[in-house]
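Q: Please take a close look at the salt bridges and at the places where the parts of this model meet. Which residues take part, and how are they placed?

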Number of protein chains: 2
Amino acid sequence: MIIIKKRLKSIKLKDIEITDKFWRRYTDLVPNVILPYQWEILNDRIGEAEPSYCLRNYKIAAGEEKGQHSGVVFIDTDVTKWLEAVAFSLETKPDSKLEKNADEVIDLLGRAQQSDGYLNTYYTIAEPEKRWSNLTEGHELYCAGHLIEAAVAYYDATGKDKLLVIAKRFADLICIVFGTGEGMLKGYPGHQEIELALVKLYNTTGCKRYLDLAMYFINERGKVPNYFLMEIKKDNHKFIFDEFKDYDPVYSQSHIPPRLQTTAEGHAVRALYMYSAMADLAFEYDDRELLKACMMLWENIVTKRMYLTGSIGSSAVLERFTTDYDLPNDVNYSETCASIGLAMFGSRMSRIKCDASYFDVVERVLYNTVLAGIALKGDTYFYVNPLEVWPENCKEHTSKAHIKPVRQKWFNVACCPTNIARTLASLGKYIFSLDEDSLYLNLFIENKSNIKIKGVNITTKLLTSFLYDGKSTFIFNASKSVKFGINIRIPQYVKSYSIMVNGEKVDKSPLKNGYLELLSNWKGENRIEIAFEIKAEFVAAHPEVRADAGKVALVKGPIVYCLEEKDNGKNLSSIIVNPDTPLQECFDPDLFGGTMAVKFTAKKITDEGWGNELYRLAKFTTVPIELKAVPYCFWGNRGKNEMLVWLKASI
Amino acid sequence: MIIIKKRLKSIKLKDIEITDKFWRRYTDLVPNVILPYQWEILNDRIGEAEPSYCLRNYKIAAGEEKGQHSGVVFIDTDVTKWLEAVAFSLETKPDSKLEKNADEVIDLLGRAQQSDGYLNTYYTIAEPEKRWSNLTEGHELYCAGHLIEAAVAYYDATGKDKLLVIAKRFADLICIVFGTGEGMLKGYPGHQEIELALVKLYNTTGCKRYLDLAMYFINERGKVPNYFLMEIKKDNHKFIFDEFKDYDPVYSQSHIPPRLQTTAEGHAVRALYMYSAMADLAFEYDDRELLKACMMLWENIVTKRMYLTGSIGSSAVLERFTTDYDLPNDVNYSETCASIGLAMFGSRMSRIKCDASYFDVVERVLYNTVLAGIALKGDTYFYVNPLEVWPENCKEHTSKAHIKPVRQKWFNVACCPTNIARTLASLGKYIFSLDEDSLYLNLFIENKSNIKIKGVNITTKLLTSFLYDGKSTFIFNASKSVKFGINIRIPQYVKSYSIMVNGEKVDKSPLKNGYLELLSNWKGENRIEIAFEIKAEFVAAHPEVRADAGKVALVKGPIVYCLEEKDNGKNLSSIIVNPDTPLQECFDPDLFGGTMAVKFTAKKITDEGWGNELYRLAKFTTVPIELKAVPYCFWGNRGKNEMLVWLKASI
């Protein structure tokens, strides 16, 4: 029997400051590089990048400029996701220039909003009479979701409610358009997103109708006959995207009701945004059936359909999940946004179930795929995240055209850059979980925070070198005596650990859902020293994963390593490693702003004896080779080159 | 200096009877199963298959039925390729019922032909005013090419010229529509095919204008500005295929003039049909530049871009060539038709250059990919020919949707079935090459033939068990004394060989372009005994082929072997073989109508110690496994199962 007792909270961004050297190289980029760069993009002022037309569309919709709508139908979300990222950034660190730009955009959105609350530039400009007629592809509800998320974040960050009022007006319209009542549209989003946004709007406003609408969308979805199939069969249906002419409801998780789904199917971003909403709703309604579905979906992903790097979506065609253990490394999609969705889902599940193990996955996602999604300079992005790249054959107009061997300035469909921005800007929310009498430490990222437990102010400081030596120190100061539990996540990759509290070794008690609980009457300054044994080591994938059979990958804690051509020469596929080879961890202060690298010896098949022939009698000659592996998240930061995560093992 | 001295001829099908047990299981299907089945398909009488609409379109075009055009724009070629196959079959073995059906179809084509000679059901029915306006996608010239090929074959086989007259009328129209003269269209085919057909029409009719038109198409192609890009830019251009909206001239080998091309690019079938025509034209015009281009293109394919099975086209997107050494085994396209094109190109090159080595590739193509394209029962087909199949993840609406784990009854685009039919029906043309004073034995396929050299009738009989023990006997009887050379191809896979002529061992003279020449005054019955040493052995791919690095494949002579789940269990990717393991060849009389199988021992990674986790510390346990490999061409004839060609090697 599943019981949803409580949901842990996250810390407010204004109460936490990230001080971590590893992470600051990225989080500092948010206000300094990423948001200003994206601002230029939204204004079409980056010469080398294709124009985004984002703000121009709003100006046309507001009647302030003349012209056609430009860009994809959901291009508005580039603006609203940017606004959400700005909100998180402002909450962390005020910035009057950024806030002024955001306020101006919000004013513009207000002017572009229609008198009945409707707000969407594509339908307002291009097809005003076609509102809600193409939920399959039109993305109006998806766009509304990101608008709502931005509004909630901006209100939380600044206390200003202008965008919140705009979002509520639009949400109120959606509440009367969609539902089971007479004359209402019994539809639901072609791209899920609004569901989780409506839960946030409910949590901020207390208006239950938003929550009910979210639940309606989940409950209506997947009913027979399928809404989308009916919609596209209509005589006057005009397709927006050619690939939907042969629409399969699995693509949008509308093949069966979400609460009956047990395997992760279809478009990965749609899936994970929906699962996140399902987790929220399971808590809000104490809906145990829905929670059970979430648990089964999570289990299916993390035990059958997830890359070592925390990425998901094996098929480039339709950017989707495929089948259990189908994890090709060189043609996969593994969209950055899908991994962000997995982090969103995992952190929700962890907080509902008070279970640290979800953070093993969230951590894997953040340290690998999310960070790989952005250049160290913060100005270019990966949309697709393969685990094996041979740049010469990532050729336009072929099956590998989606694989980019170098990060891109922007994209025609640019969901990932702003998604990375809002994720980095809100990283602080992942580090702790909180309830009324407990603090949970999920991620070992250096930070300072101010929290309140049972009315007592507590300042905390986490110092860590855990990526290098497994060690962290958590120092906190309680202004007066207060009894509460400090729960430290013991990651699954930790071989052994020891904890000292104020110089005294703590007896190991059994973990509670992956957390070690330290319950005490705390007062004044306390010092918890955490020592994890974390080794660089080779891992293997389940033998059913055909693509990784007989191969190993190097990991240390949450960090997945890869080989790059820059360090190891060409043709990484010809390398064969003995999984028992000694691994030499070394800090390279000059590489990627300072990183741990791992050196080891292997052998490499040579082309000795080969001439021009393509096939010949099998006779392999090998030479020893010294290799240097670097964190996967940093790959591709030194120009176009080969990259490989899974190495052949000598077996 | 390249000199085109002569072109060897092929034997006429009426002069050769294939008696080979291995091949008869397929060639007997042509008149007994394949052509009657395809006849039912053309008439839309196969209930389980989608209607083809083929003959119905012609009836509508002839004004004898009412209705719309149905099927793809080039669906006419299903009929004309069937007619060509019927012609070859009739030439081999008369069949009055088949001939009657064919004659009726030809009459219908005559009635569907327009008064000016134009013949194409799509444009006649659907867009009569749009003739020649969309060469990029419209396939009118492609369809004309197959019409011409069928006409030439039917005339050769039956002496009836009705279809030839129809084809000539259409060709004559094309001759006045296309060219560099004033008011003529300076276009060329979006899908090459008519070029090689026009050479055949010239060879049959002696009308030089057909040859000149073929040369014009080759010479005009690839000029700047690109014809197709100009065409699709026109205001009124309506796309037929969505994927061409972002047209890349490389796709249709129109990026540069064909004679300047040095690497095989773009859509593989288009490419190979064009290269075949280039070879023909190089001979006809003694055009050494064109021949040099053919040689470079051939070299590029067979040393960089061809699968072990003789298939080509690494990318499913656009069914195309990609880059050197890019040969993925589980997502490739490797269209059956493209391999047929390679056999067409190779046999032409062999005959122009009098070089046996081209037949090493032609033989590889025929024994592996062409045969894999059709079921042993002759009623189902593969379009796509991967070298590694995991049926569970060949899922609709994913990147692997093109991979079918079982052969299909028919296809929406059904080029392959009729292409296989005409190739099997004309197999006899590949076996010998001839000139005025020499006979060349290219393929070791049992047959009886009647040939004439220097006016002397010679009957020949080839007996062979070369797939099993490397032995063949060539018996021939010359009605009177005649001096000529018998040239026996010594395949590159032969380790050593010995030849006995009438009981006497022949001293080995140096091979001439891969042929051993036996020049003598022959009279009466002669017996040449050929003993090749051919072993089952493991081969490796060039180390630059990332997909095959550290892997081996089993071959014996021209036959590529594979593992099937049926014989070896699931998860073939987990098998690791020592390339030095003994190979036990054994004949299995019950398998696939009798086949050589190869047994050997390997090890397999087990899932011992694995639970539900997807990744864990690398620790491989293996168990010994007895394996049985079967010829690749027979795979998938026992239901849906895993298949694998390239096995991991222990290195």
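A: In what follows, buried means under 20% relative accessible area, exposed means over 50%, and partly exposed lies in between (1.4 Å probe, protein chains only). This is a predicted model, in which local features need pLDDT of at least 70 and side-chain atom pairs count only at pLDDT 80 or more, while totals for chains, interfaces and linings use all residues. Residues are numbered from 1 along each chain as its sequence is written, chains are lettered from A and ligands numbered from 1 in the order in which they are written, and side-chain values use heavy atoms, with hydrogens and water left out.

The discussion begins with single pairs. K535(B) and E533(B) join their side chains in a salt bridge, with 4.0 Å from N to O (a side-chain nitrogen of Lys or Arg within 4 Å of a carboxyl oxygen of Asp or Glu). K535(B) has a relative accessibility of 46%, so it counts as partly exposed. Its partner E533(B), at 32%, is likewise partly exposed.

Elsewhere in chain B, R45(B) forms a salt bridge with E40(B), and their closest N and O atoms are 2.9 Å apart. R45(B) is partly exposed because its relative accessible area is 48%. For E40(B) the value is 25%, which also makes this residue partly exposed.

In chain A, a salt bridge of 2.7 Å, N to O, connects the side chains of R638(A) and D567(A). This pair links distant parts of the chain, 71 residues apart: R638(A) lies in the loop between β18 (622-631) and β19 (643-644) of chain A, and D567(A) in helix α20 (residues 565-568) of chain A. Helices (H or I, at least four residues) and strands (E, at least two) are DSSP runs, numbered from the N terminus. R638(A) is partly exposed at 21% relative accessibility, and D567(A) is partly exposed at 24%. Chain A also holds a network of salt bridges that links R7(A), D280(A), E284(A) and R348(A). Over all chains, the count comes to 89 salt bridges.

Attention now turns to the meeting of the two domains of chain A. Domain 1 covers 435-532 and domain 2 covers 537-649, with bounds from an automatic or database domain assignment. Their C-alpha centres lie 37 Å apart. In contact (heavy atoms within 4.5 Å) are 6 residues of domain 1 and 8 residues of domain 2. Together the two domains bury about 560 Å², of which 64% is on carbon and sulfur atoms; buried area is the accessible area (1.4 Å probe) that two parts lose on being put together, summed over both. On the side of domain 1, L467(A), Y468(A) and Y493(A) lose the most area to domain 2, together 82% of what that side buries.

The rule finds 1 salt bridge across this domain interface. K495(A) forms a salt bridge with E537(A), with the closest N and O atoms 2.8 Å apart. Between the domains, 3 residue pairs are in polar contact (both at pLDDT 80 or more).

The interface of the two chains follows. Here 77 residues of chain B are in contact with 77 residues of chain A. The chains bury about 6100 Å² between them, 59% of it on carbon and sulfur atoms. Across this interface there are 8 salt bridges, and D242(B) forms a salt bridge with K245(A) whose closest N and O atoms are 3.3 Å apart. The count of residue pairs in polar contact between chain B and chain A is 40, both residues being at pLDDT 80 or more. The elements giving two or more residues to the side of chain B that touches chain A include α14, β11 (536-541) and β16 (595-605) of chain B.

A final close view concerns D326(B), in the loop between α14 (288-304) and α15 (336-353) of chain B. With a relative accessibility of 5%, D326(B) counts as buried. The side chain of D326(B) makes a polar contact of 3.4 Å with that of K400(A) and one of 2.6 Å with that of T322(B). A polar contact is a pair of N or O atoms within 3.5 Å; within protein, one must be able to donate a hydrogen and the other to accept it, and residues adjacent in sequence count only if both atoms are side-chain atoms. Leaving aside its neighbours within four places in sequence, D326(B) is in contact with W390(A), N393(A) and K400(A) of chain A, and with Y307(B) and S314(B) of chain B.
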